[in-house]
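Please open the model in your viewer, with the chains coloured separately, and follow the stops below in order.

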2 protein chains.
Amino acid sequence: MPNKPSGPVSRWSRVSSERGPDLIVFRSRFDRMTHPLSGEDLDRLVLESSDWVNVVALTRDERLIVVKQYRFGTADITTEVPGGMIDPGEGHEESAKRELLEETGYSSTEWTYLGSVDPNPAVQTNHMHHWLAKNCDLLGEQDLDAGEDIEVATLSEAELRSAVATGEIRHALVLTALHRVYDLRDELRGSQ
Amino acid sequence: MPNKPSGPVSRWSRVSSERGPDLIVFRSRFDRMTHPLSGEDLDRLVLESSDWVNVVALTRDERLIVVKQYRFGTADITTEVPGGMIDPGEGHEESAKRELLEETGYSSTEWTYLGSVDPNPAVQTNHMHHWLAKNCDLLGEQDLDAGEDIEVATLSEAELRSAVATGEIRHALVLTALHRVYDLRDELRGSQ
């Protein structure tokens with residue numbers, strides 16, 4: 001049996017950095033990085049963007065508020081929890097409240113921070129912040145950006161679990177939010 | 001109280017598509033899409049790549065096999081489960097077995113599919129497949145790509161839970177895999 005196959009890793013050092021093309025939702029950058037062991041220089045992609053936020057939002061009768069929209073990456077209509085990009089100068093709590101209201105017309109006075117994840121630390125600089133909003137009330141109409149077309153719906157917990165089991169809800173960053181509120185192992189293991 | 005704030009959404013239609021720059025791990029594309037309600041044409045980014053795979057791999061004494069490596073997006077050393085990009089012509093099960101062996105030297109004969117997620121359907125075309133490998137044995141040495149420097153470690157379940165609670169493990173796609181095996185709600189709610 002061989003020994004433990006590897007030792008501790010080191011940070012890589014950056015030789016140079018070059019601005020790449022504007023990608024609408026990301027600013028691209030190419031960093032020339034030195035491998036700490038081989039000394040070889042390698043080009044690595046970095047996608048810069050603001051942090052993101054999303055919200056597990058429950059109505060007073062504990063139905064989950066979801067948004068359905070056409071997504072350009074997978075070319076399909078998805079079911080997700082509300083969320084979006086944090087505006088410049090905006091805090092993530094403020095952003096969570098704004099996105100919930102703009103996308104759905106719902107509002108809440110009971111907010112709990114659920115922590116954050118890194119959407120893809122290999123490439124992306126940003127974080128995704130998760131919030132829980134309880135006892136939401138429908139206060140107004142949607143206030144969508146010109147580039148959005150969003151349907152609002154609510155799901156009972158049984159309907160939510162079914163949407164997870166069938167793969168209707170399958171956006172990784174929606175699932176990392178939902179997993180902080182629900183144990184979804186029975187719905188997810190080998191389901192899709 | 002206003003009525004339900006929105007109706008069903010439609011698919012958008014694509015007017016044209018233009019190849020964007022090569023981004024090393026993604027091929028970029030710009031699609032000109034027509035908003036189904038306003039009729040306005042909008043440019044949208046699509047990042048194409050092969051599917052990804054990762055593995056919740058447990059040793060015979062039920063320790064989780066993790067890899068530590070420097071990640072260029074967040075410019076930090078992360079703790080993750082083994083995984084990577086599926087090679088052309090490779091199935092995702094084959095890829096999971098290959099990545100586990102190459103990155104860690106471990107192998108297993110007990111594999112269970114845990115389903116898939118969409119890393120970011122708004123922008124990315126690809127899927128991430130999650131696998132569980134039980135009773136792993138250390139068979140050999142790492143076989144790393146020239147661009148990799150990876151440390152292998154194993155964590156008891158208590159150590160895994162601590163690494164999740166402190167945010168040492170915070171890669172969204174690692175968490176979506178782990179959530180299919182462990183209920184991590186106590187460790188994650190408001191922890192980071």
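How many bridges join β4(A) to strand β10 (residues 128-138) of chain A, and do the two run parallel or antiparallel? In this predicted model, select β4(A) together with β10(A): seven bridges join the two strands, and they run parallel.

Keep β4(A) selected, since the next stops belong to this strand. It spans residues 52-59 of chain A, and seven of its eight residues are buried, leaving the strand mostly covered. Now add strand β7 (residues 83-85) of chain A, which pairs with β4(A) in the antiparallel sense over three bridges.

To see both pairings from a single residue, centre the view on A:V53. Towards β7(A), A:V53 stands opposite A:G84, while in β10(A) the bridge partner of A:V53 is A:H129.

Next, zoom out and display both chains. Select the residues of chain B that are in contact with chain A: there are 81 of them, and they meet 81 residues of chain A. Colouring this side of chain B by residue class separates 36 nonpolar, 27 polar and 18 charged residues.

Finally, superpose the copies. A turn of 180° with a shift of 0.0 Å along the axis lays chain B on chain A with an RMSD of 0.0 Å, and that is the relation of a two-fold axis. Return to the interface with this in mind: 100% of the interface residues of chain B are also interface residues in chain A, so the copies meet through the same surface.

Methods
Residues numbered from 1 in each chain as written. Chains lettered and ligands numbered in written order. Predicted model: local features only at pLDDT ≥ 70, side-chain atom pairs only at ≥ 80, totals over all residues. Contact = placed C-beta atoms within 7 Å. Nonpolar A, V, L, I, M, F, W, Y, C, P; charged D, E, K, R; others polar. Buried ≥ 20, exposed ≤ 12 C-beta atoms within 10 Å, placed from the backbone. Helix = DSSP H or I, 4+ residues; strand = E, 2+ residues; numbered from the N terminus. Pairing = 2+ DSSP bridges. Least-squares fit on C-alpha atoms with pLDDT ≥ 70 in both.
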